[in-house]
Amino acid sequence: MKIIIIIILLAFIILALSFLLTFIMYRMQFGKRIDICEADKKSDIPRRKKIEFYSGKNKLTGYFYGINQNKVNNKVVLLVNGYGVTYNAYMPEICELINCGYLVFSYDMTGCGESEGENIKGFAQFIIDAQNAVLYLKKQGLDKIIAFGHSTGAYAVAALLNIQKENLNKAIIISAFDVPNKFVRMCMQKNMKCFAYLLQFWISVFEKIQFGKYALLSGKDGVNKYQKPVLIIQGAKDDQVEVNNSLYSLRKDIINNQAEFLLEKNRGHYPTRIENEKDIVINKEIFEVIKEYIKDT
């Protein structure tokens with residue numbers, strides 16, 4: 001009996017410690033605002049049109065770029081950025097898409113940049129904000145929407161295919177993972193061993209309590225349910241979403257026969273770029289693939 005009591009107490013202590021650790025980590029990541037960094041403020045900004053739309057109670061700020069383009073066929077590229085930055089960090093990609101002749105819509109998510117919100121809340125907030133952006137574009141009469149997501153934004157795009165498949169014409173998914181709690185566990189497992197599974201459990205709980213049906217949507221399931229064209233791009237040298245922890249790694253489990261996969265062998269977390277010490281240069285080869293992929297939308 002004494003041994004059983006000791007085992008129960010140890011289990012309770014481990015659960016309590018894992019809860020506390022996960023809560024602290026989760027709050028450090030999501031319990032803050034993300035503001036535009038000084039380097040992005042200095043970027044050359046092309047002509048744009050400012051708009052505002054709501055995601056829940058928060059008013060989000062977005063911009064149309066290339067506003068004289070694609071008015072005839074109502075085609076727009078919706079850019080969903082990754083964690084830790086505002087959409088301004090993707091100005092090289094926005095400018096290249098404009099140069100390719102596309103209308104681009106980008107926005108600051110909840111708790112970021114010019115948008116309202118005390119903090120960015122959690123993984124599923126990326127999905128919710130992206131969904132509200134899609135619904136806003138549809139209300140503007142833009143019938144052909146190509147979702148372009150990177151990192152956590154790419155996860156959001158893939159997950160969004162579970163619930164907005166009728167409103168999206170194509171998806172470009174770059175450096176994405178499948179499910180947030182599993183992604184975090186695999187990132188932490190090397191250092192935390194079995195303890196990482198408890199982090200996975202508590203992240204599931206936190207997301208479910210906050211976001212309900214939007215919590216833990218699978219990117220892989222979204223691509224499979226979509227059954228429309230999807231382009232999944234991954235950098236082989238990505239040290240943030242490593243290949244073995246990426247949506248790309250699940251390509252054998254993806255049954256959408258319109259899904260295409262591209263592994264950039266010499267690129268990291270931003271395969272759309274060729275980065276050096278002095279400047280960011282767009283990866284023209286990747287954008288030729290993207291341009292070819294979008295053109296028949």
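**Entry 1. The largest pocket**

I began with the lining of the largest pocket, which by class holds 17 nonpolar, eight polar and no charged residues. I note at the outset that the model is a predicted one. For the volume of the largest pocket I recorded about 560 Å³. I then listed the lining: it has 25 residues, and those closest to the pocket centre are Gln29, Tyr83, Phe123, Phe183 and Val184. Next I looked up which elements give two or more residues to this lining, and found helix H1 (2-30), H6 and H7. H1 gives the most, with six residues.

**Entry 2. Helix H1**

Having met H1 in the pocket lining, I checked its length. H1 has 29 residues, which at 1.5 Å a residue should span 42 Å. I found its end C-alpha atoms 42 Å apart, so the expected span and the model agree.

Which residues did I then find buried in H1? I noted Ser18, Thr22, Tyr26 and Phe30. I set beside this list the general rule that an α-helix has 3.6 residues a turn, so residues three or four places apart point the same way. I also looked up what covers the buried residues of H1; the cover includes helix H4 (123-139) and H7.

**Entry 3. Helix H3 and the glycine after it**

I turned to helix H3, residues 91-99. Its buried residues are Met91, Glu93, Ile94, Glu96, Leu97 and Ile98. Cys95, by comparison, is partly exposed, with a relative accessible area of 25%. After H3 comes Gly101, for which I recorded a positive phi, near 100 degrees.

**Entry 4. Cysteines**

How many disulfides does the model contain? I counted zero. I looked into two of the cysteines to see why. The closest cysteine sulfur to that of Cys95 belongs to Cys100 and lies 11 Å away, which is too far for a bond because a disulfide needs the sulfur atoms within 2.5 Å. For Cys187 the closest cysteine sulfur is in Cys194, at 17 Å, so this pair is also too far apart for a bond. I recorded Cys187 as partly exposed, with a relative accessible area of 39%.

**Entry 5. Gln240**

I located Gln240 in the loop between strand S7 (230-235) and strand S8 (259-264). Is Gln240 buried or partly exposed? Its relative accessibility is 47%, so I entered it as partly exposed. Leaving out residues up to four places away in sequence, I found that Gln240 touches Phe183, Cys187 and His269. Of these, Phe183 had already appeared among the residues closest to the centre of the largest pocket. I also took the C-alpha to C-alpha distance from Gln240 to Ile24: the two are 21 Å apart in space and 216 residues apart in sequence.

**Entry 6. Positive phi outside glycine**

I closed with backbone angles, keeping in mind that most residues other than glycine have a negative phi. Lys193 has a positive phi, near 55 degrees. I placed Lys193 in the loop between helix H6 (180-192) and helix H7 (195-211). Lys193 is exposed, its relative accessible area being 55%.

Leu216 likewise has a positive phi, near 60 degrees. I found Leu216 in the loop between H7 and helix H8 (219-226). At 25% relative accessibility, I entered Leu216 as partly exposed.

Methods. Residues numbered from 1 in each chain as written. Predicted model: local features only at pLDDT ≥ 70, side-chain atom pairs only at ≥ 80, totals over all residues. Heavy atoms only, no water. Helix = DSSP H or I, 4+ residues; strand = E, 2+ residues; numbered from the N terminus. Buried < 20%, exposed > 50% of the residue type's maximum accessible area, 1.4 Å probe, protein only. 1 Å grid on protein atoms, 1.4 Å probe; cavity = no way out; pocket = protein on both sides within 12 Å on 5 of 7 lines; lining within 4 Å. Points joined across faces, edges and corners; volume = space filled by probe spheres on them. Nonpolar A, V, L, I, M, F, W, Y, C, P; charged D, E, K, R; others polar. Expected span 1.5 Å × (residues − 1). Contact = heavy atoms within 4.5 Å.
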